[in-house]
Amino acid sequence: MKHFLRVLTQLLVVLYCKCLWRGLKFVIRKVTGRCELQRICYNNKPGARRTLKIESSLKCSKHELLRSAVSVQPDSVEKTIDDIMSLKRINLDTNPQLGISLQACLLQIVGYRNLVVEVEKLRREPYDCENPAHEEMLMKLWKELCPDSPLSGRISKQWCEIGFQGNDPRTDFRGMGLLGLHSLLYFAEHDKATALQVLHDSLQPKHSKMSKAEWDKKTYDKAIGYSFAIVGINITDLAYSLLVSGALKTHLYNVAPEMPSLVHFQQTFCYLMQEFHRFWMEEDPCDIMEFNRVRTKFHKRILKQLKNPDMALCPHFTASDLHLVNL
């Protein structure tokens, strides 16, 4: 009985708030002469602060047209905006900027949704050693990271030098599929200097007093840092979880003027990889066994930053062109 009363009370509160909010919106519209979408666009600067509110308003609308707007295809955005303006009886001649602003917001919303689909597709595609394109990407990764060290063979212990666990990197891509390889290769190609520095640092001995002879006897997984490639795949998983959970909307809505693309995701990975490396050095863990603890702490730190609607994870490396764009 108590459970029933609790559920009933919650239901009444929700219904009351819904009716109260709709009534309040009706009064505000009559007073200001503007609908909620207009007020959001006029009162919020371009970026996540505006787009997140537009997205919420559309999803919570009582009109099917508005609720379905967030699910349209990119080529239908312009027509959808015209339909919304017509439904809201907004004169385009007197409000020309409103249509442009709404279109930019909706492109960001549908672009983010499509990016999730694209990233998920890459994650689900397994690495196939029989696929020439996959093999070419893997060999290119080696050449970018070890340009002066020819690979002795496709199956080789040399892969451990860039942080893979065994003789064949294929087995390390099981969790993230091709997405992990795409991320590592993008980092190595588009910010080579930083990638090489991170790789170099990850292979340094924990204690400077260790002699070269002592260090040479140690295996790569006992380096100060971590296995570069394995951590890269793990950070890919972190970036993926931020994207799928929606936490990355704040960042991408602030840096992508219209539709977020795979390049934006890859640049975000580069930033996370570099920042994790710095964070790891600051934490100064005893060994690799502390990786999960450090990763969890780093994840919480990034999530906290992304709660700020004005936040953009702007990389500090030259390869990135991420920046706040005034729409």
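Let me start with the overall make-up of the protein chain, whose secondary structure comes to 14 helices and zero strands. Please keep in mind throughout that this is a predicted model. If you read along the sequence, the pattern is simply α-α-α-α-α-α-α-α-α-α-α-α-α-α.

A few totals come next, before we go into detail. Of the 327 residues in the protein chain, 45% are buried. The chain exposes about 17,700 Å², and carbon and sulfur atoms supply 56% of that area. If we take the contacts with a separation of 6 or more, residues 24 or more positions apart account for 65% of them.

Now I would like to turn to a pair of helices, α8, which covers residues 177-190, and α11, which covers residues 228-245. At what angle do α8 and α11 pack? The angle is about 110°, and the axes of the two helices are 9 Å apart. Angles of 65 to 115 degrees count as roughly perpendicular, and therefore α8 is described as roughly perpendicular to α11. The crossing of α8 and α11 is right-handed. On the α8 side, the contact is made by L179, G180, S183, L184 and F187, while α11 brings F228, A229, G232, I233, T236 and Y240. When the residues of this contact between α8 and α11 are sorted by character, they divide into seven nonpolar, four polar and no charged.

One residue from that list deserves a second look, namely T236, which lies in helix α11. Is T236 buried or exposed? Its relative accessibility is 0%, and because buried means under 20%, T236 counts as buried. Leaving out residues up to four places away in sequence, T236 touches M176, L179, G180, S183, F265 and F269. You will recognise L179, G180 and S183 from the α8 side of the helix contact.

Beside T236 in the numbering is I235, which is also found in helix α11. I235 has 0% relative accessibility too, so this residue counts as buried. Which residues does I235 touch, if we again do not count those up to four places away in sequence? They are F269, L272, M273 and F276. For one of these, M273, we can also give a distance: the C-alpha atoms of I235 and M273 are separated by 6.5 Å, although the two residues are 38 residues apart along the chain.

Let us move to another pair of helices, α2 with residues 36-43 and α3 with residues 48-59. Their axes come within 9 Å and cross at roughly 170°. Since an angle over 145 degrees counts as roughly antiparallel, α2 is roughly antiparallel to α3. The contact is made by E36, L37, I40 and C41 of α2, together with R50, K53, I54, S57 and L58 of α3. Here the residues of the contact divide into five nonpolar, one polar and three charged, whereas the contact of α8 with α11 has no charged residues.

Staying with helix α3, we find T51 in this helix. At 0% relative accessibility, T51 counts as buried. Leaving aside its neighbours within four places in sequence, T51 is in contact with C105, Q108, I109 and Y253.

Next comes a residue in helix α13, which is E275. E275 has a relative accessible area of 13%, and so it is buried. From E275 to F298 is 23 residues in sequence, and the distance between their C-alpha atoms is 8.9 Å.

Finally, I would like to look at two loop residues and their backbone angles. Most residues other than glycine have a negative phi. With that in mind, what is the phi of R89? Phi of R89 is near 55°, a positive value in a residue other than glycine. R89 lies in the loop between α5 (77-87) and α6 (96-124). With a relative accessibility of 79%, R89 counts as exposed. The other residue is D284, which has a positive phi of about 50° although it is not a glycine. D284 lies in the loop between α13 (262-283) and α14 (291-306). At a relative accessible area of 49%, D284 is partly exposed, because exposed means over 50%.

Methods:
Residues numbered from 1 in each chain as written. Predicted model: local features only at pLDDT ≥ 70, side-chain atom pairs only at ≥ 80, totals over all residues. Heavy atoms only, no water. Axes fitted to C-alpha atoms, helices over the stretch in contact; angles between N-to-C directions. Helix = DSSP H or I, 4+ residues; strand = E, 2+ residues; numbered from the N terminus. Parallel < 35°, antiparallel > 145°, perpendicular 65-115°, else oblique. Left-handed = near helix turned anticlockwise from the far one by under 90°. Contact = heavy atoms within 4.5 Å. Nonpolar A, V, L, I, M, F, W, Y, C, P; charged D, E, K, R; others polar. Buried < 20%, exposed > 50% of the residue type's maximum accessible area, 1.4 Å probe, protein only. Areas by Shrake-Rupley, 256 points an atom, 1.4 Å probe, with all protein chains shown as cover.
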